[in-house]
Amino acid sequence: MSDDVDARRQFGAELKSHRELYGETGMTQTELARKCKTSKSTISRLEATAGRIPPEIPALLDQVFATDGLFQRLYEQIVAEGFSVYSRKRIELEPKAAAIVEWSPTVVPGLLQTAGYAHALLQEGMPRATEPEVQRKVQQRLNRQELLRGPTPPDLSVVICESVVRRTVGGPEVMRGQLKALLEIASRRTTILQVLPLNAEYPHRLMDGSLSIVTTHDRLVVAYTEGIQSGSIIEDPGQVRALERSYDVLTASALSRDASARMIRSTMEAL
């Protein structure tokens, strides 16, 4: 049995146990749902380990049951275990992020991918996987995006290569949907999205791989670089500062926010 399945079952078991042992007489699913501002069916589903866990629920459960972060830790383990070993720390840090920086020279970053775009990438990347396995990976990727939809999303700064905009992934319809989603994300006040044009004159340190830099609310700054089938977590402050500077070079060479949006829109309309 995989660790993520174990963690998911533990989450459901802990939830049911704490609910039934709450106070002197326990608590019904309806009563707990009211305290967590959710539905009885959601509580029932979570106890039965069915479906996704709403990202705001673990912290609310810890508050109701005074469990000192138990449910939040289990949730982060569940999310992280769905990803490769070298990317798990980055995934664990994302829900704690005050700011996220992303650079990608090849594909739309995972935090910004639509379901169709992610499915096309994962289906090609896992040729022996069954359709349910691919769908599970797609859902894990989409679950990461919940942090961008909450009431206090992190500041997000993204630079993508022009080739990412122009490369059709999953066919014209899927790509139109992805470009439309990028325009929606770019319109948010907490997001800066820029395109690095193919005719940018200067070479840069980040040409051969993607970069993510996560800054948490307690000022921890961690960088993550990724190539083909490999990745590295970088925590050394000096190395992280050097990567931040390399990202600054990208933003200086990239198109402005407005010009980037125009390029994305014109490419979408041409598909």
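Which residues of the largest nonpolar core touch the most other members?

## The nonpolar cores

In this predicted model, the largest nonpolar core holds 43 residues, and those that touch the most other members are Trp103, Leu112, Ile160, Leu182, Leu211 and Ile264. Leu112 illustrates such a position: with its neighbours within four places in sequence left aside, Leu112 is in contact with Gln145, Leu148, Leu156, Val158, Gln178, Leu182 and Ile185. Apart from this core lies another, of 19 residues, including Ala7, Ile57, Phe65 and Leu70.

## The paired strands

Strand β1 (97-104) is joined by bridges to β2 and to β4. With β2 (residues 155-161), β1 runs parallel, and the two are joined by 6 bridges. With β4 (residues 210-216), β1 runs antiparallel, and here too 6 bridges are found. Ala99 takes part on both sides: its bridge partner in β2 is Asp155, while in β4 it stands opposite Thr215. A further position in the pairing with β2 is Glu102, which stands opposite Val158.

Strand β2 is in turn joined to strand β3 (residues 191-196) by 6 bridges, and these two run parallel. Cys161 stands opposite Leu196 of β3. Both β1 and β2 are mostly covered: 6 of the 8 residues of β1 are buried, as are 6 of the 7 residues of β2. In a regular strand, side chains alternate between the two faces of the sheet.

## Gln113 and helix α8

Gln113 is placed in the loop between β1 (97-104) and α7 (115-125). Its relative accessibility is 3%, so Gln113 counts as buried, the limit being under 20%. Not counting residues up to four places away in sequence, Gln113 touches Val107, Val108, Ala118, Leu121, Arg141, Leu142, Gln145 and Gln178. With one of these, Arg141, there is a polar contact between the two side chains, at 2.9 Å.

Arg141 belongs to helix α8, where it is buried together with Val134, Val138, Gln140, Leu142 and Arg144. Helix α8 covers residues 131-144, 14 residues in total, and its first and last C-alpha atoms are 20 Å apart, close to the 20 Å expected at 1.5 Å a residue.

## Ser260 in helix α12

Ser260 is found in helix α12, which covers residues 257-270. Is Ser260 buried or exposed? Its relative accessibility is 0%, and Ser260 therefore counts as buried.

Apart from neighbours within four places in sequence, Ser260 is in contact with Leu193, Gln194, Val195 and Leu255. The side chain of Ser260 reaches the backbone nitrogen of Val195 at 2.8 Å. Ser260 and Arg141 are 119 residues apart along the chain, and their C-alpha atoms are separated by 25 Å.

## The aromatic cluster

How many aromatic pairs does a search of the whole structure find? The search finds 3. In one of them, the ring centres of Tyr22 and Phe65 are 5.9 Å apart and the planes meet at 70°; the pair is edge-to-face because the angle is over 60 degrees. This pair links distant parts of the chain, 43 residues apart: Tyr22 lies in the loop between α1 (3-20) and α2 (29-35), and Phe65 lies in helix α4 (residues 57-65).

The two partners differ in exposure. Tyr22 has a relative accessible area of 31% and is partly exposed, whereas Phe65, at 11% relative accessibility, counts as buried. Phe65 also forms an aromatic pair with Phe71, with 6.1 Å from centre to centre and 40° between the planes, a tilted arrangement. Phe71, like Phe65, is buried. Through ring pairs, Phe11, Tyr22, Phe65 and Phe71 are linked into a cluster. Phe65 is thus named twice in this report, as a member of this cluster and as one of the residues of the 19-residue core.

How values were computed:
Residues are numbered from 1 along each chain as its sequence is written. This is a predicted model: local features need pLDDT of at least 70, side-chain atom pairs count only at pLDDT 80 or more; totals for chains, interfaces and linings use all residues. Side-chain values use heavy atoms; hydrogens and water are left out. Helices (H or I, at least four residues) and strands (E, at least two) are DSSP runs, numbered from the N terminus. Buried means under 20% relative accessible area, exposed over 50%, partly exposed in between (1.4 Å probe, protein chains only). A polar contact is a pair of N or O atoms within 3.5 Å; within protein, one must be able to donate a hydrogen and the other to accept it, and residues adjacent in sequence count only if both atoms are side-chain atoms. Contact means heavy atoms within 4.5 Å. Two strands pair if DSSP finds at least two bridges between them. A nonpolar core is a set of buried Ala, Val, Leu, Ile, Met, Phe, Trp, Tyr and Cys residues joined through side-chain atoms within 4.5 Å. Rings of Phe, Tyr and Trp (its six-membered ring) pair if their centres lie within 6.5 Å; planes under 30 degrees apart count as stacked, over 60 as edge-to-face and the rest as tilted. The expected span of a helix is 1.5 Å times one less than its number of residues.
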